[in-house]
Each structure stands twice: as C-alpha cells, then as structure tokens.
Amino acid sequence: MVFCSSCQDLTFNPVNEDSLDDFEVVIHEDLASLENCARLRSCYLCVSLFAMIQHHKLYTGGGYDKLTPDKDRFNISLGIYYKPDSLEDWDFLDEECGMDDGDAPPFMISSNTDFRHCFRICNPKAISRSSWYQGQNESGVQFDELECTSIGIGKSDTSTGSAESIARIKSWVEKCRNDHPACMQKPLDSTLTYPKRLLDVSNALGESGYVILVPSAQSDLQHERPLYATLSHRWRPGHSCVTTSLNVVQHMQNGILTKDLTRTFREACITTNKLGLDYIWIDSLCIIQDSVVGCEDDKALEIPKMADYYQNAEFNLSAATEQNDGLWGERDGDAIIPFNIPITINTPTLPRKTRKTVVRLSPVVSGAKSHLDYRGWILQERIFSRRTIFFDPYWVSFECAEMSASDSCPEGLKKYQDKSARNFEDDMGTKIDRDVALSVMGGTLRSLSSHIGSRSLDNTTRNTVLSLWFDIVKEYSLRQLTNESDRLDAISALASRVSRILDDKYIGGIWEKDLLTCIQWSPNMLAGYPTATREQACGAPTWSWASVHLSEYGIGLDNSFARDATPLVRIVNVEWEPRGPNEFGDISGAKLTLSGRPLRGYCYYGKGYSETLKDLITMTEGLQEPPRQKTDRNELYNTERYVEDLWWLYITAEYRGEMVRVVLAIDPDTRDSITEGFVYFLPLADYTFSEAYLKEYGQLGRLFGLVLKEVDDGVYERLGGAQIGSAFLMTGKEKSMVLV
C-alpha cells in the first residue's frame with residue numbers, strides 16, 4: 001500500500017465543536033500540491049482524486065485549469081457527513097453522489113469552490129454512527145485483513161483496451177457464464193438463428209493482420225456454431241467500410257487488412273481476438289448493404305434476425321463514447337480502481353475519543369450519457385445482448401441481465417427490478433445515465449421465448465409482455481434515427497420476437513389482438529403543446545405511434561388503465577400489407593374500420609370555452625343520449641383557471657329542445673396536424689370501472705377517445721386524443737369509420 005505523507009494517516013475532525021454531524025480532513029494546502037503528488041505517483045488517493053479532476057475537465061468542460069490564482073490556494077479536503085441529530089428525516093441528496101440514510105455515509109466527498117468529486121465507500125458500515133453508541137471503538141475489518149496492492153510507478157494501464165482491462169472483462173464474462181441462469185443460453189441452441197456471415201478475426205493482430213468474411217452456410221460455422229461477438233456502433237455520414245454486392249466476393253476470398261478498417265471496427269476485431277473469440281458480427285460488414293435487381297434484398301432479410309444474432313452472441317462490444325473514434329480511450333487505470341486506506345475519526349464528545357478503521361474507497365466516475373443511448377437502432381441491441389461490454393469515456397463497464405460491473409466496481413452489483421437506474425448508478429459509483437433495466441428486459445424476453453410453442457400465455461403473462469412492449473416503445477420513442485424511414489425497421493427484430501411470444505400479428509407498431517389498447521397512446525408534451533411531427537415514410541397509419549417522430553419528449557402509453565377499460569367501439573376490420581420481405585418492417589395500405597359513436601365538434605386554440613362559439617351547433621344529426629351529468633355552467637365559462645393556451649374541442653347539439661354542450665382539451669399528436677375547424681371525437685374506451693384507474697383516481701369516471709379529421713367520405717386520420725369524465729359526455733349515433 002502506498003500513500004503520501006498527507007494521506008497515510010487521514011484523521012477526520014468535526015467541523016463544529018458541538019456537533020458530530022460533519023467531519024473533514026485537509027489533505028493538501030492547494031491544488032498544485034495535489035497535482036505534484038499525483039504526478040509523482042506516490043499515493044493512490046492523490047492519483048485518483050487528481051484523475052477525477054482531469055476527467056471532469058476532459059469530458060464535461062470543467063476542470064482545475066479554470067481556477068483563478070486566488071482560488072488555486074484553497075485547501076483540498078475530504079469530508080464525511082452524517083444525519084444531524086436535530087432532524088427526524090434525512091435525505092442527503094446530491095447530484096453527484098446520491099442519497100444516504102444518515103447512519104453510514106456511502107460517500108467520501110472532496111470539495112472546494114470549483115469542483116466536487118467523491119469516492120464510494122464500499123464498506124460503509126465500517127464508519128456507521130450507530131456503532132459509536134454500541135460502545136465499539138473500532139468498526140469494520142482491520143487494515144491488515146484487506147488485500148492491498150501497490151500503485152505502479154510506471155503506468156501500464158493507460159487505455160481501456162489495455163491488458164489489465166482485457167483481463168478484467170474476461171473475469172466478468174466468466175462470472176456471468178458460471179453464475180447467471182438468465183444469461184447461460186448457449187449459441188448451440190437450434191431455436192436461434194445463427195448469423196448468415198461472420199468476420200473471422202483469428203488473424204487480426206499484427207502489422208499485416210487481416211479479417212475475412214465467412215459465409216456460415218458454405219463453411220462449418222452453421223454446424224459447429226462457434227462463439228462469436230457482436231458490435232454496437234453508430235453509423236456516421238460517409239461511412240464506407242461496408243460490404244456490398246461489388247466487394248462481397250473480395251471480402252470472402254482475400255479479406256480486409258485490419259489497418260484498413262475504421263478505428264472502431266479495427267479495435268472491435270482486436271478486442272474480440274484478445275478476449276479469446278475468433279469471430280465477430282458487424283452489421284455493415286456482415287450484411288450486404290445494397291440490393292441488386294433480380295436478387296434477394298439481403299438487408300431486408302437480415303434485419304428481422306438481428307435479435308437472434310445479438311442474443312446468440314457470447315458478448316456485445318459497445319462503442320459507447322462519441323469523443324473517441326473507436327473503442328479504446330486513454331486513461332490512468334490506477335486512478336479508477338478501488339483501494340483500501342486506514343482512517344481515524346475523532347469524536348471528542350463521546351467516551352471513546354478516537355475511532356480507527358479501514359475503508360475501501362472506489363472513485364466515482366461520471367460522464368455524459370452515451371450517444372448510443374440516443375440511437376433508435378441500438379435499442380434492440382441493448383435489450384437482446386446477453387452480455388454487453390461498454391467502452392465508456394474513461395473506463396470499461398459490463399452489463400448482463402443479473403449484474404453490472406465497471407473498473408471502479410469490479411466486483412459487480414446484482415440487479416434488482418425495484419431499484420431505479422439512478423440509485424443503481426449511485427451504488428455502482430459509475431454515473432452515465434444508463435438504463436440498466438434494458439438488459440433485465442432482455443432476460444425476461446429470453447425466458448419467455450424459451451417457452452414458445454410449449455404452452456399458451458395466460459392473461460397475467462400476456463399483460464406482462466404487453467407492459468414490457470409499451471416500456472420498450474416509450475424508450476424507443478425518445479431515440480433518434482438518421483433516417484425516419486427506418487422507424488419500423490429499427491425495432492422490427494424486437495417486434496418479431498414479441499410476436500412469437502404473444503402469437504399475434506403486428507401492424508406497424510400495433511398488436512392485432514390488443515389493437516384497442518395499443519392505439520390509446522398520446523405524445524408527451526411541453527406545456528400542453530406538442531413538439532412531435534408526423535413521419536409516415538415507413539407507411540405506419542396515423543393511429544400508430546410509429547407515424548410520429550417523438551424523440552424530444554417521447555410517448556405516453558400505459559396499458560394498466562386501458563387493458564381493464566370497457567371498449568366503446570367495435571373492430572369491424574383491419575387490413576395492411578408489408579412493403580417487402582420484412583413483415584415487421586414498413587407497411588402500406590393500413591386501414592382500421594371501427595364502429596362507434598363519434599361526436600362532431602369544432603376545434604380551436606385558446607383558454608377554455610370561447611364565447612364566440614355559443615350559438616354554434618356542431619351535431620346537426622342529433623344525439624342518441626344526453627350526458628348523465630350536466631357540465632357546471634360556471635366551470636364551463638371559467639377560463640381563468642387555464643394558464644396556457646391549449647387546443648380545445650367544442651361539441652354542442654340540441655336534444656329534446658335543450659342545448660347540450662361540452663368542451664374537451666385535446667392532446668394533439670403533432671405540432672402541425674391540427675388546425676381550427678370541424679373534427680370528430682370518437683370515444684374509444686371507458687376507464688370508469690378499471691381497477692387501476694379506481695385505485696389511482698377514485699370514483700371519477702373517465703374515458704379516452706380519438707380526435708379525427710375526415711379526409712375522404714367515411715375515411716379519417718387521427719389528429720390526437722382527449723379524455724373527459726364519462727358522465728359529462730353525450731352519446732352519438734352509431735357509425736362506421738375507416739381510419740388510415
């Protein structure tokens with residue numbers, strides 16, 4: 001164990017003489033002293049802390065070089081903070097270091113005026129305050145009981161692709177292979193489609209290294225099914241490292257020199273080789289990217305199989321950092337691994353004045369959310385990969401359905417479904433806003449897939465799968481696509497797998513057996529105003545979420561209400577055609593015929609009821625029934641309660657000599673889909689007797705409906721949705737409507 005003179009005997013003293021809440025110790029008089037010690041590599045703590053500051057500068061635009069000469073003289077200190085005795089409740093919440101219950105602080109924090117960094121305390125019970133009052137003098141393990149390694153004077157772990165990094169990745173993969181049932185499915189499983197082509201990387205190393213494209217059917221691969229890796233990366237404009245009909249024979253016969261690959265592909269091939277595998281699947285090289293007249297469209301045939309390709313892989317390599325044109329990034333590996341350090345805590349107001357223990361500290365590393373986590377195509381790769389290795393800004397991370405690990409948390413943490421992504425990252429000490437639930441979803445889908453054909457789904461399991469699908473759609477709707485025409489293609493492999501589980505037909509984002517539930521979606525909006533745009537290049541009908549580009553705020557879709565709702569329409573017919581060989585991709589001619597009771601109304605923009613519309617009758621064909629409860633006139637005319645201008649639908653009709661009117665707030669699908677004028681409101685589902693709705697909102701009746709525009713005689717497009725108390729809405733006469 002190596003520590004400098006300032007850190008080898010860390011003694012924490014109370015910040016206030018009359019309180020044992022906050023403790024601090026000064027380790028350096030200024031930043032220059034910390035930097036000097038770190039550059040001499042004479043102390044784990046100083047090297048780690050200085051690297052945090054450097055990392056902050058490199059990846060978030062801040063850093064120590066922004067300090068002024070005066071500020072440069074501020075002390076560098078460490079602190080641990082407990083719940084104040086005067087508080088009954090305690091939520092120590094910090095954007096960088098998370099939450100603490102007050103008894104055993106999980107973080108040791110470094111503070112001065114311009115940067116704030118922290119270490120995760122891996123054994124927080126060693127400094128729990130409750131142990132003080134149990135008469136214990138020393139808590140936790142003894143210093144000599146913890147394995148302590150020496151810091152390297154000459155750095156060797158200088159890259160996320162170093163030998164040390166490769167060894168750590170191997171240990172994570174091996175642990176997952178041996179200990180995680182949800183991840184143990186082997187590629188020999190004949191129920192999964194094996195890749196049509198793979199890249200052989202067995203000769204990728206060295207100056208004259210090369211890779212070669214191997215067709216599975218024309219070799220022993222299809223029979224032997226050797227282990228292989230996959231790669232998640234972002235396609236960039238002008239990307240030329242692809243296989244086409246013109247070079248596919250050359251790639252199979254002569255191969256490609258490793259040095260001629262893009263940096264990302266080159267480092268992925270080398271990493272795969274170093275991790276002990278001979279093959280990798282890379283989409284742009286293993287799928288023929290162009291189509292030839294008279295030949296099968298290889299891309300259209302391969303895209304739906306990608307779920308199997310990623311699930312079948314031994315692991316997936318993720319080029320997660322946009323700053324690096326490649327997988328590997330420079331780093332000081334010694335600065336991000338956990339280490340053990342003895343500390344002393346002085347408690348002068350207690351019978352025992354001094355408490356000595358050993359804490360294991362792990363640097364908390366953080367970075368911007370990965371650019372891949374914004375990309376639509378990457379979602380299914382994240383979900384279906386059994387194991388993913390992320391090459392992050394300054395470290396390497398590992399994720400599977402049961403565990404996450406990183407350089408700063410090499411032992412890994414078991415996943416729990418009830419723990420939020422943020423709290424999980426706090427526990428990990430690796431903060432990059434990554435949704436750990438996606439790999440858990442993959443584990444669930446793999447488990448359900450294993451029973452395909454052997455048994456039918458019960459209602460509970462089917463609802464679980466639908467809820468999972470809706471969660472996937474909500475996440476997908478937040479992601480971006482380079483080409484909006486890929487809106488259905490980029491999720492088609494997921495749709496293919498869910499279709500097999502549900503035994504259901506897929507209609508451009510919608511499941512046929514649960515069609516009424518699936519079309520009860522709405523865009524999430526900012527201040528009631530939609531930011532989405534209508535994008536129908538993929539052929540999705542307006543009643544599908546896939547017809548809307550939603551990446552800024554995403555989609556709102558919750559089947560907990562909808563699945564128990566009372567349907568107010570009847571499905572007469574639904575028809576569609578796939579545009580190509582991928583039945584889960586682009587479609588055309590989608591039409592949904594519903595029989596319901598539409599209400600004609602006038603759409604306008606403003607604050608609630610408009611006095612100018614008081615003499616307008618929108619329902620000239622009359623009503624079947626009036627509302628069960630009249631809208632309070634004062635409530636109808638009270639526009640002061642509406643702060644923001646919204647889109648409204650005014651419906652009025654004469655029933656037995658009396659005027660009946662109602663005003664509904666509209667949730668438009670897009671910012672350009674709706675204009676002032678006559679539209680229709682089609683009540684779709686009544687939530688009044690939904691168990692989930694009653695639990696959430698009590699006895700208030702509620703129904704959901706679609707706002708529609710007639711584009712041809714009897715043919716309508718969706719403009720948005722609306723909700724209203726079911727008792728306040730009149731009932732129209734039954735009518736058949738074709739939605740496109």
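**Helix α3, P581 and the enclosed spaces**

User: Why are A163 and N178 of α3 called exposed?

Analyst: On the other side of α3 from its buried residues, A163 and N178 are exposed, a word reserved for a relative accessible area over 50%, with buried meaning under 20% and partly exposed in between (1.4 Å probe, protein chains only). The model is predicted, so local features need pLDDT of at least 70 and side-chain atom pairs count only at pLDDT 80 or more, whereas totals for chains, interfaces and linings use all residues. Residues are numbered from 1 along each chain as its sequence is written, and side-chain values use heavy atoms, without hydrogens or water.

User: How do you know that the buried residues of α3 lie on the same side?

Analyst: S165, I166, R168, I169, W172, V173 and C176 are buried in α3. They cover an arc of only 165° around the axis, taken from the directions from the helix axis to the C-beta atoms, and therefore sit on the same side of α3. Those buried residues pack against α6, β13, β17, β18, β19 and β20, where contact means heavy atoms within 4.5 Å.

User: What span should helix α3 have at 1.5 Å a residue?

Analyst: The expected span is 1.5 Å times one less than the number of residues; for the 17 residues of α3 (163–179) this gives 24 Å, and because the end C-alpha atoms are 24 Å apart, the two agree. Helices here are DSSP runs of H or I with at least four residues, strands runs of E with at least two, numbered from the N terminus.

User: What makes P581 buried or exposed?

Analyst: P581 has a relative accessible area of 55%, so P581 is exposed. Its place is in the loop between β29 (570–578) and β30 (587–596), and, leaving aside neighbours within four places in sequence, P581 is in contact with A300 and L301.

User: Why is a space called a cavity?

Analyst: On a 1 Å grid over the protein atoms alone, a cavity is a set of points where a 1.4 Å probe fits but cannot get out, and lining residues have an atom within 4 Å of a point. By this rule there are five cavities of 30 Å³ or more, and the largest has a volume of about 120 Å³, a volume being the space filled by probe spheres set on points joined across faces, edges and corners. Of the 13 residues lining the largest cavity, E399, S404, M428, R434 and V436 lie nearest its centre.

Technical notes: 1 Å grid on protein atoms, 1.4 Å probe; cavity = no way out; pocket = protein on both sides within 12 Å on 5 of 7 lines; lining within 4 Å.
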